[in-house]
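Here's a quick tour of strand pairing and aromatic rings for anyone working at the bench. Take a look at the structure first, then read on.

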Amino acid sequence: VSNWDFEQNRARVFIIDRESRDTTIRGYYQPRGNRYYAATRIKNVPMELISPFLTGIISNIEGSADVEAQVRGVGRKAVLSGQGKVDSLSVKVDYLNTSYNAPSGVVEIENNHILADRIEVFDQEGNKGFYSMDINLNHLSNVAYDIDIEVDDMLVMDTNAKDNDLFYGHVYASGTAAFRGDKSGIRMDIE
């Protein structure tokens, strides 16, 4: 649904859920200056929606999030902000062939960055660690990521010769690991 706001000289936009009749997105577009704003509050957003940004790095993404977010901008310069409450996130780290889950956590969205700080994570055997992340969405064609993991006797690699005949095994570790990269490559610092 949309209507013209003559006083503000802009189009108001409302997207309404047909079933619940709730307004899921509200905002405006102002042709003069090419300005826009949209805000949303959506429950149970499937976490696999982030899969296209992490192809070849993380797969089998499951879980959901309740998201409250805003995007505002002028022309092609948009700024995303908000918060997500993640429930039952599980992922597989492709290169290491290991699966992890985070029962719950809060993710902040600030200035086109998705941020998490010391969220509890468990390996496929129930061993506990923590992760923090910064996913930079400033350039959607080349999303950058910075993920820090702190582990104590966790399964960190579960590969066999078929996965990589030069380096494979069932490895547990304690320490820290940092994964930084974008579509051009990944840098891993493991202590």
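Arg 180 has Arg 187 as its bridge partner, and Arg 187 belongs to β12. Keep in mind that this is a predicted model. Strand β11, which covers residues 169-182, pairs with β12 in the antiparallel sense, and six bridges join them.

Zoom out, and what sort of sheet do these strands belong to? It's an open one, made of 12 strands with antiparallel pairing, and the order is β1-β2-β3-β4-β5-β6-β7-β8-β9-β10-β11-β12. The edges are β1 (2-5) and β12 (185-190), each of which pairs on one side only. From one strand to the next, the twist averages 20°.

Now for the rings. How many aromatic pairs turn up in a search of the whole structure? Just one. Its members are Tyr 28 and Tyr 37, with ring centres 6.0 Å apart and planes at 25°; planes under 30 degrees apart count as stacked, so this pair is stacked. Is Tyr 37 buried or exposed? Its relative accessibility is 16%, and the cut-off for buried is under 20%, so Tyr 37 counts as buried.

Tyr 28 has another partner too: Arg 10 lies over the face of its ring. Elsewhere, the charged end of Arg 118 sits over the ring of Phe 130. Here are the distances for these two arginines:

| Arginine | Ring | Distance to ring centre |
|---|---|---|
| Arg 10 | Tyr 28 | 3.9 Å |
| Arg 118 | Phe 130 | 4.0 Å |

So Tyr 28 stacks with Tyr 37 and also has Arg 10 over its face.

Conventions: Residues numbered from 1 in each chain as written. Predicted model: local features only at pLDDT ≥ 70, side-chain atom pairs only at ≥ 80, totals over all residues. Heavy atoms only, no water. Phe/Tyr/Trp six-rings, centres within 6.5 Å; stacked < 30°, edge-to-face > 60°. Buried < 20%, exposed > 50% of the residue type's maximum accessible area, 1.4 Å probe, protein only. Lys NZ or Arg CZ within 6 Å of the ring centre and 35° of its normal. Pairing = 2+ DSSP bridges. Helix = DSSP H or I, 4+ residues; strand = E, 2+ residues; numbered from the N terminus. Axes fitted to C-alpha atoms, helices over the stretch in contact; angles between N-to-C directions.
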